[in-house]
Amino acid sequence: MSIPQAKLELRPLGKTGLNVSSVGFGASPLGSVFGPVAEDDAVATVRDAFRLGINFFDTSPYYGGTLSEKMLGKALKALQVPRGDYIVATKCGRYKEGFDFSAERVRKSIDESLERLQLDYVDILHCHDIEFGSLDQIVSETIPALQKLKQEGKTRFIGITGLPLHIFTYVLDRVPPGTIDVILSYCHYGINDSTLLDLLPYLKSKGVGVISASPLAMGLLTEQGPPEWHPASPELKSACKAAVAHCKSKGKKITKLALQYSLANKEISSVLVGMSSVSQVEENVAAVTELEGLGMDQETLSEVEAILEPVKNLTWPSGIDQK
């Protein structure tokens, strides 16, 4: 049975030839990392996302200690659509047990992931949060192992992910051109921090596709606020809280504004947003549709930017982003 798909804007991902939906489905919540998600709900959420035009799904063995991959695998299988109709990214190197970027672990990791996802291949295999490993090992051991997996057809493309932006240039400057197809950056392209902008011309020159995650800055730009462990400074937390309150007082949703801000830059192929319910999917897709139709609420955006101006681009306490 084919599910009729709505039209969501598709953007080219670097030189991969893949066209990914402008909003990508972040599947970490399916691993019950933010609260329990029942299997039926996971399946319904993925089905709705696909129906509304989202074709890009991102997971990792780290999310929920492999649970996210298992849930996403079941949900994608339940779609009963041709494999070429959706794009799946998973990761290697980071696990519940810790980090391991060795070639041996990478090889084992993809086989385990494919089994959990019930797939023969993934479209993108990322090295997950490489700043926690040795970047030289990533260059000399991990990436060559990923290239072998690419030759074997277990992944179509290779990516790297992490928080500090300098890790991307470090690795890309040390591998042959065309080795890395994609980077996934998070928390660096949103209303409060847009430092990823500075890197875009460089990434383009390298032919690398750009995925940006966490437009809500891991909870800073939400009404419920960030989790306890959030590393932001007290100043940033209070400025974001003030921005949230300002939007609320005007009857506006800061989450919609923040997502639209991230989506407005077409140099970024896809903005990944964590989703675990049909209502979240519908809210996110509505934000995209509205952006394409009516455009952004510039007045509220300017007011929010003014509130966040003193803390702009200061997302991480000194040192965290500079490792």
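**Nonpolar cores.** I looked up the cores first, in what is a predicted model. The largest nonpolar core (buried Ala, Val, Leu, Ile, Met, Phe, Trp, Tyr and Cys residues joined through side-chain atoms within 4.5 Å; buried means under 20% relative accessible area with a 1.4 Å probe, protein chains only) has 90 residues. F25 and V171 have the most contacts inside this core. Helix α4, residues 135-151, gives the most to the core, with seven residues; helices are DSSP runs of H or I of at least four residues, strands runs of E of at least two, numbered from the N terminus. I also noted a second, separate core of 17 residues, which includes L18, F157, L163 and W316.

**F25.** I listed its contacts (heavy atoms within 4.5 Å), leaving aside neighbours within four places in sequence; among them are L30, V46, I54, L272 and V281. The bridge partner of F25 in β4 is F57.

**Barrel.** Strands β3 (residues 23-26) and β4 (residues 56-58) pair in the parallel sense over two bridges; pairing requires at least two DSSP bridges between two strands. I traced eight strands closing into a barrel in the order β3-β4-β5-β8-β9-β10-β11-β12, with parallel pairing.

**Helices α2 and α3.** Helix α2 (residues 67-79) packs on helix α3 (residues 103-117) at an angle of about 45°, with the axes 7 Å apart; axes are lines fitted to C-alpha atoms over the stretch in contact, and angles run from 0 to 180 degrees between N-to-C directions. The two helices, α2 and α3, are therefore oblique to each other (neither under 35, over 145, nor 65 to 115 degrees).

**Basis.** Local features need pLDDT of at least 70 and side-chain atom pairs pLDDT 80 or more, while totals for chains, interfaces and linings use all residues. Residues are numbered from 1 along each chain as its sequence is written, and side-chain values use heavy atoms, without hydrogens and water.

Note on methods: Buried < 20%, exposed > 50% of the residue type's maximum accessible area, 1.4 Å probe, protein only.
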